[in-house]
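Got the sequence and the 3D view ready? Let's take a walk through this protein together, starting with the empty space and ending at the surface.

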Amino acid sequence: MWHVGSRKVVASMPTCGAVQAVTFCDDKIISGGAEKAIYRWRSNGKLSGRVPTTAESTFSLSHVQHPSHNSYSLITAGAGGSVSFYFQ
């Protein structure tokens with residue numbers, strides 16, 4: 001994670017493959033890339049979850065927040081034209 005003000009790396013978020021998509025959801029960072037998994041990170045760079053995906057690679061992430069339920073839906077698009085939906 002890059003801190004713009006100090007122009008320094010403040011956290012490293014290791015994954016098995018190259019990261020190709022990132023989205024921010026509240027205080028969480030959600031990433032996906034060249035592996036069959038989506039990662040959820042805390043803003044301090046600590047891993048808080050890993051979810052397997054059906055796509056070999058994820059190219060796009062989008063989320064929709066549901067304030068009345070204190071939850072969100074995550075939509076992923078990946079290799080082979082796959083689209084997946086996840087709910088929290």
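What follows is a short tour of a cavity, two charged pairs and a few single residues.

Keep in mind as you look around that this is a predicted model. How do you look for gaps in something like this? Rolling a probe the size of a water molecule over the atoms shows where empty space is left. In this structure, one cavity of 30 Å³ or more turns up, and its volume is about 40 Å³.

Which residues line that cavity? The lining is made by Thr15, Gly17, Ala18, Val19, Ser31, Gly32, Gly33, Ala34, Glu35, Ala37 and Tyr39. Two elements, β4 (28–33) and β5 (37–42), each give two or more residues to this lining. The top contributor is β4, with three residues. As for chemistry, the lining splits into five nonpolar residues, five polar ones and one charged one.

Now pick out Glu35 from that lining, as it takes us to the salt bridges. The whole structure has two of them. In one, Glu35 pairs with Arg50, and their closest N and O atoms are 3.5 Å apart. Glu35 sits in the loop between β4 and β5, while Arg50 is in strand β6 (residues 47–52), so the pair links distant parts of the chain, 15 residues apart. Is Glu35 buried or exposed? Glu35 counts as buried because its relative accessibility is 10%, under the 20% cut-off. Its partner Arg50 is partly exposed, at 45%.

The other salt bridge joins Lys36 and Glu56, with 3.7 Å between the closest N and O atoms. Here too distant parts of the chain are linked: Lys36 is in the loop between β4 and β5, Glu56 is in the loop between β6 and β7, and 20 residues separate them along the chain. Lys36 counts as partly exposed, with 38% relative accessibility. Glu56 has a relative accessible area of 53%, so Glu56 is exposed, given that exposed means over 50%.

Next, turn to the surface. Val19, Val22 and Phe24 make a nonpolar patch there of about 290 Å². You have met Val19 already, in the cavity lining. Val22 belongs to strand β3 (residues 19–25) and counts as partly exposed because its relative accessibility is 46%.

For a last stop, find Thr58 in strand β7 (residues 58–66). With a relative accessible area of 1%, Thr58 is buried. Its C-alpha atom is separated by 17 Å from that of Trp41, a residue 17 residues away along the chain.

Terms used
Residues are numbered from 1 along each chain as its sequence is written. This is a predicted model: local features need pLDDT of at least 70, side-chain atom pairs count only at pLDDT 80 or more; totals for chains, interfaces and linings use all residues. Side-chain values use heavy atoms; hydrogens and water are left out. On a 1 Å grid over the protein atoms alone, a cavity is a set of points where a 1.4 Å probe fits but cannot get out, and a pocket is an open set with protein on both sides within 12 Å along at least five of seven lines; lining residues have an atom within 4 Å of a point. Grid points are joined across faces, edges and corners, and a volume is the space filled by probe spheres set on the points. Helices (H or I, at least four residues) and strands (E, at least two) are DSSP runs, numbered from the N terminus. Ala, Val, Leu, Ile, Met, Phe, Trp, Tyr, Cys and Pro count as nonpolar, Asp, Glu, Lys and Arg as charged, and the others, Gly among them, as polar. Patches are made of residues with over 30% relative accessible area and no salt bridge: like charges are joined within 9 Å, nonpolar side chains (Val, Leu, Ile, Met, Phe, Trp, Tyr) within 5 Å. Accessible areas come from the Shrake-Rupley method with a 1.4 Å probe; for residues, only the protein chains shown count as cover. A salt bridge is a side-chain nitrogen of Lys or Arg within 4 Å of a carboxyl oxygen of Asp or Glu. Buried means under 20% relative accessible area, exposed over 50%, partly exposed in between (1.4 Å probe, protein chains only).
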